[in-house]
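Trainee: Could you take me on a close look at how the strands pair up in this protein, and at what surrounds them? I would like to follow one connected story.

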Amino acid sequence: MAHTAACPFDYSEQLEFDPSLAQLMARGPVSRIRLSYGEAEAWLVTSFDGVRQVTTDPRFSRAAIVGRDYPRMTPEPIVSPESINVMDPPRGTRLRHAAARAFTQSSVKRMTPAIEGVAHRLVDEMVEQGPPADLARALSEPLPNHTICALLDVPVQDRPLMLRLTQQMLTTAPEARQAAAEAKQHLRAYFTTLVAERRKGGGSDLITTMAAGDQGEEPLSDDELAVLALTLILSGNDTATCQISNIAYTLLTRPELHELLRRSPEQLPRLLDELLRHIPFRKGVGIPRVALEDVELEGVLIRAGDFVHVSYLAANRDPEVFADPDALDVDRASHPHMTFGWGGHHCVASTLAVAELRTAIGVLFTRLPRLRLAVPAQDVPWDTQTIRRFPLELPVTW
């Protein structure tokens, strides 16, 4: 049996790559690990090809974790048993299709002017209050929260609650297990009520649209809609929220990138793509899969019933795919990265997240070309209590 490495994955030093994950990658593409919570050990797959196989091979099942105390990083499982994130095809395909209609390229393009309007308003408010400002509170948190809440038509007075509860669900601290469980229950109940209200009256929000479904498809139940809305609010307050701050921090501490953006703003999409590949915006791993039969993977035999985790962070640094992977290279040859996942569980709202990032960073650095940190980089406080990597505060001036 392979050596088992204890992996709390609690590294929180700015945006440096986790050295324990780097050590596992150096051992080989498949390692044996034990996480902080859960009943069993797991395999960890770190190579790009290995991650691609696990995420596309039906012999590895997300649904098989339901009802199991599966290996994970949080004391309370973040995902609900009915979530789209733990469904295998074809069952999950119907729900993904319902949600994906709101996040097509054309749909997101129609939403972009509204996102730009919110971004400009938030920067206006920041400028009016004067420097210094906390960019995390002024822009990174409110923009994605406003966007996803507007899509779901969450009443304005409830939107701060959505942000607070989703943050509670992402904690890794053992003593916060009850609070995380209560946050998930509260959100589930909230959206159950909201779904029932939307069933009564027509509207143009995402919940109403998903409830209507497409002709010929089985309509989603109230429970399915509530859990899908919960999943979307959690996703909406996760990736973009962290990455607006992370990308701004990187640009403000890498003068050559800041200057590139100032000199060639048309390079923003390419720069963002490389930043998304490079920045480790979360810690460790997410939701595992279970091998439904014996599978040989990267020369290692995975037995039926074994838990298998993948690391998208490691796959994004695979030297077989990305030359000099630890370098941040804007001129890198284009190649798909795995920041938004891969296969059947690729983030359904990734197009919206990218639009939010392009808008937030574009508006911020165009409006405030002299933006800079208001404190030394080493004094920026970083999150140490959740599965995410991001600055708790990002003091800036201009």
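Mentor: Let's start with an open sheet of three strands, in the order β5-β11-β10, whose pairing is antiparallel. At its edges lie β5 (133-134) and β10 (372-373), each of which pairs on one side only. Before we go on, please note that this is a predicted model, in which local features need pLDDT of at least 70 and side-chain atom pairs count only at pLDDT 80 or more, while totals for chains, interfaces and linings use all residues. Residues are numbered from 1 along each chain as its sequence is written, and side-chain values use heavy atoms, with hydrogens and water left out.

Two terms need explaining here. A strand is a DSSP run of E with at least two residues, numbered from the N terminus, and two strands pair if DSSP finds at least two bridges between them. In general, strands of a sheet pair through backbone hydrogen bonds, either parallel or antiparallel. In our sheet, two bridges link β10 to β11 (residues 395-397) in the antiparallel sense, and L373 stands opposite V396 in β11.

Now move to β9 (residues 307-310), where H309 has its place. Two strands pair with β9 in opposite senses: β3 is parallel to β9 over three bridges, while β6 (residues 289-291) is antiparallel to β9 over two bridges. You can find these pairings residue by residue: V45 has V310 as its bridge partner in β9, and R289 has V308. Going on from β3, we reach β2 (residues 30-34), which runs antiparallel to β3 and is joined to it by four bridges. There, I33 stands opposite A42 in β3.

Look next at which way the side chains point. From β3 (residues 42-45), A42 and L44 point one way, W43 and V45 point the other, and all are buried. Buried means under 20% relative accessible area, exposed means over 50%, and partly exposed is in between, using a 1.4 Å probe and protein chains only. In β9, F307 and H309 point one way and V308 and V310 the other way, and again all are buried.

H309 deserves a pause. Its relative accessible area is 0%, so H309 counts as buried. Leaving out residues up to four places away in sequence, H309 touches ten others if contact is taken as heavy atoms within 4.5 Å, namely L35, A42, W43, L44, V45, P71, V285, G286, I287 and P288. By contrast, the C-alpha atoms of H309 and N145 are separated by 29 Å, and these residues are 164 apart along the chain.

Let's finish with the cysteines. A disulfide is a covalent bond between the sulfur atoms of two cysteines. Here a disulfide is counted when two cysteine sulfur atoms are within 2.5 Å, and by this rule the count is zero. C242 is in no disulfide, and its nearest cysteine sulfur, in C347, is 13 Å away. Seen from C347, the closest cysteine sulfur is that of C242, and 13 Å is too far for a bond, which is why C347 has no such partner. The two also sit in unlike surroundings: C242 is buried, with a relative accessible area of 1%, whereas C347 is partly exposed, at 24%.
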